[in-house]
Each structure stands twice: as C-alpha cells, then as structure tokens.
Amino acid sequence: MNLINMKRNNIGRRDFIRYSAAAGAGALLTRDAVANTSTTPADSNQKMPERTLGKTGISLPILSMGVDRPDSSNVLRAAYNAGIRHFDTANNYQRGRNEEALGAMFDGRPLDSRFISTKIMFPYPLRDNFEEDFDSKLEVSLNRLRIEQVDLLYLHDIRTVENVKDPRVAASLLKAREEGKTKFIGLSFHTGDPDVFRAAIDMGIFEVLLITYNFKMDRLEEYEALIEEAAQKGIGLIGMKTMAGGTVDAEGKKQINGDACLKWVWKNKHITTVIPGLTNFEHLDKCVAAALNPKINEEEERYLASLENEEMLFCRQCNQCKPQCPAGLPIPDIMRAYMYAFGYKQARISKDTLANVGLTADACAGCNEVCTVKCPSGFNVGKKIAALTPLLNTPDVFLT
Ligand code: SF4
Ligand code: SF4
C-alpha cells in the first residue's frame, strides 16, 4: 500500500503512522505499508491498560470496538493495529455484513490474536421453533465469521426478568458451549434495569454480561452495587451505551465529550472493557488516546455533572412512559432507535430496531398529533416518533 492508496482508503498519514507504529508484532498492515513507515509518534510504546474479564481469565485492553458498520474494514484494521483485541458484533447488525467484515479480516490469523463476540436476538415470548432458529442463526454467524468457535456468544437485548429466567434461553446457550461453538456465554441488556441485572447474576451460568453503563443512568447506585456483586462472583462485565447517546442536545447536533464519558466508565474497575461503535479514524484516534490516559480529571467530572439535567438523547429506560400511551407503544425502544439515528447516525440500526418492535408509520394517528406522555427526562416523545417514522419507508440503500 502506498500513500495514494492510503488516501483512497481514507487513512491519513498521521493516523497511518500512529496505528502502524503502535501495532508491534502481528500487525495486520501489509508488508508494503510497514515499509513506508518512517517515523514513530512519541507515544508509540504506550499500551492501553488491560483488565481481566472475570473468571474467563482473558485479559483485554480497556477499549474494545463495537463493529456496527460494514464499510469500516480499514477502521477495523487500524483498530487492531492500535492494540484493540476485542471486537463485538451481532448476527443482525447490518444484516450480517459486520460479521462478514470481521471474518474477512481475521481469516487465517491465529485465533489467540483477537477476541470476537457476537449476539443473536429473538422475539419474546420465544416461539415454538426457537431452538431450531437459534442453531441456524449461530451457524450463519460462524460461517460469516469464518470460524468454528466464537469467543463469546450473547443472547441479545434481553428485556425482562422472565426472559432472563426462561429455561430455553439458558439451555440453548449452554448447548452451544457444550458443542464447542462458543467458549463463553452471556447476555446483553440495554435497559439498565437493575431487576434484569439481578436476575442475570442469579442465574449463575453467564460468564459475561454486556451492560449499559453511563453517567446518565437511572437508579445508578443500585446498579453499581450489582456491578460490584457480579464482579465478586467472577462475572466479566463489558460496558456499552457508554456515550449516553453521543450528543449533548436532544436534536443530535452537538457531540458529547466522548473522552469524559469513557473515563467516567473506566473509573469503575469492574468494567473490563467498553465497546463504542468506532466508525471512523477520528473517533478511533480519540478513543485510543483516551484509553492511553484513562484517568478522568476534575474538568471532565464537572463537564459531566453539568449535563445531569440536560435532555440529551439517552433514554433512561425507566418505563414511566409506557402506561401513559393509549396505543401501548414500546416507547423506550423507540427512543433507543431515535438515539441510534440522531445520536450515533446509524439509521439502518435504527430502522431495524423499529422493525423489531413493530412500529408502523401511523402508530400515533389516534392521538391527532397531541402526545400526552410526560417523560421525566423531558423527551418530547410524540415529536421524536414523528421524526423517526419516515425511516420506516426509506430504502436501506439511502441509510447510513
Ligand atoms: S419515560 Fe422517558 S426516559 Fe423513561 S423510558 Fe420513557 S422515554 Fe425513556
Ligand atoms: S402520540 Fe404519544 S401517547 Fe399518542 S400513541 Fe404516540 S407516543 Fe403514544
């Protein structure tokens, strides 16, 4: 690869040098690319701190990568070369293209050079064919990833205590592990609901939990006590939704200080690593820099405190809106989809989320454009739903 090709692939020389120099042995840059590296940055010997993922015994850098865009192969490569080792994806992200991108990148590479997790998701209550569907989705994921065994398999987006305790959920994950299709098993849950967290700990079979964790969450004290308890029991904890929606305004126009958000999460020593969706080189560069210097400072603490009462985009998933809606809409899920679209600029994931919860374009028609939902976070729910519904009819090809 020469510099012309680097530009074509959107790799700036500064980033190229930074990541290639930080790579060390086993870097994925081509031989030509390495030959073109003539200087090294001052911090090239710095390594991201690592933490152990509970009783799995696996040591991971505190920064991992949420792989949620199919067009980010170069960013993936740069992330690896910057020292990131854990890549998190899902069977349904971008209809499987993210798994394919990871499969292509690591094809033929030593298995111990990376730690890959994927997730599979189902509607609840589970359908009669759940077990068959589970096996088939897992097979599809393994084929896309070009491996016979994933490092970590989650059942994705578990919402309720009943779903966590459903014996069919546990049986399917345990069977996958027994069959050698995954090394470790876990659950992911977005709601930040301490009751769901409690149930997941009590099940006693999950080695890892992928949990929402950020400074804007509801019932934080209770939640952090559960983090402590889970860690004491050897459950590995990985943080997601760490950027609290990604912007400091409700319209999604002003980016949040991501460094401060990540450093706030890293203050909790029980969170092994975090998985921000790293979609471009600038974002990767900033997150790596934060991970190299992860201690939060007073200014960053003050900044986060100043956002305490701002509306922003992070729905606390407190569910207070649900009984207020005469149409029974799954408002917390819809607000999460809003965050994906306007905060993270991930319109396809937003559309998929809306499709999963069955939102229709005329869902609010019965209210004649007057939404009576009162949200303690100040969300104008009706306005946000109206802004989202055009997505439902937008062809994927036009979405980010
Ligand atoms: S009331 Fe507001 S913060 Fe709570 S779940 Fe509903 S939209 Fe989210
Ligand atoms: S306008 Fe508000 S109350 Fe009416 S259906 Fe939509 S979300 Fe529910």
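The shell of residues around ligand 2 in this predicted model is made up of 11 nonpolar and 2 polar residues, with no charged residues in it. Of the 13 residues around ligand 2, those that come nearest are Cys325, Ala327, Cys364, Cys367 and Cys371, so that a reader who wants to find the ligand in the sequence can begin with these names, remembering that cysteine counts as nonpolar in this grouping. Among the elements of the chain, helix H16, which covers residues 381-388, gives the most to the shell around ligand 2, namely 3 residues.

Ligand 1 can be read in the same way. It has 15 residues around it, of which Cys315, Cys318, Cys321, Pro332 and Cys375 come nearest. By class, the shell around ligand 1 holds 10 nonpolar residues, 4 polar ones and 1 charged one. The largest share of the shell around ligand 1 comes from helix H14, residues 331-343, which supplies 3 residues.

Earlier in the numbering, two helices meet. Which residues form the contact between H6 and H8? On the side of H6 they are Phe130, Glu131, Phe134 and Leu138, and on the side of H8 they are Arg168, Ser172 and Ala176. Sorted by class, the residues of this contact are 4 nonpolar, 1 polar and 2 charged. Helix H6 spans residues 130-145 and helix H8 spans residues 167-178, and their axes come within 11 Å of each other while crossing at roughly 35 degrees. The crossing in which H6 passes H8 is right-handed.

A further arrangement joins two strands and a helix. Strand S9, residues 236-240, pairs with strand S10, residues 271-274, in the parallel sense over 3 bridges, and in one of these pairings Leu237 has Ile271 in S10 as its bridge partner. Together with helix H11, residues 258-266, the strands S9 and S10 make a right-handed β-α-β unit.

Finally, two places in the loops deserve a careful look at the backbone. Most peptide bonds are trans, and most residues other than glycine have a negative phi. The peptide bond from Tyr124 to Pro125, however, is cis, with an omega near 0 degrees, and Pro125 is found in the loop between strand S5, residues 115-120, and H6. Arg219, for its part, is not a glycine and yet has a positive phi of about 50 degrees; its place is in the loop that lies between strand S8, residues 208-212, and helix H10, residues 220-232.

Terms used:
Residues numbered from 1 in each chain as written. Chains lettered and ligands numbered in written order. Predicted model: local features only at pLDDT ≥ 70, side-chain atom pairs only at ≥ 80, totals over all residues. Axes fitted to C-alpha atoms, helices over the stretch in contact; angles between N-to-C directions. Helix = DSSP H or I, 4+ residues; strand = E, 2+ residues; numbered from the N terminus. Left-handed = near helix turned anticlockwise from the far one by under 90°. Contact = placed C-beta atoms within 7 Å. Near = placed C-beta within 6 Å. Pairing = 2+ DSSP bridges. Right-handed = clockwise from strand over helix to strand, strands pointing away.
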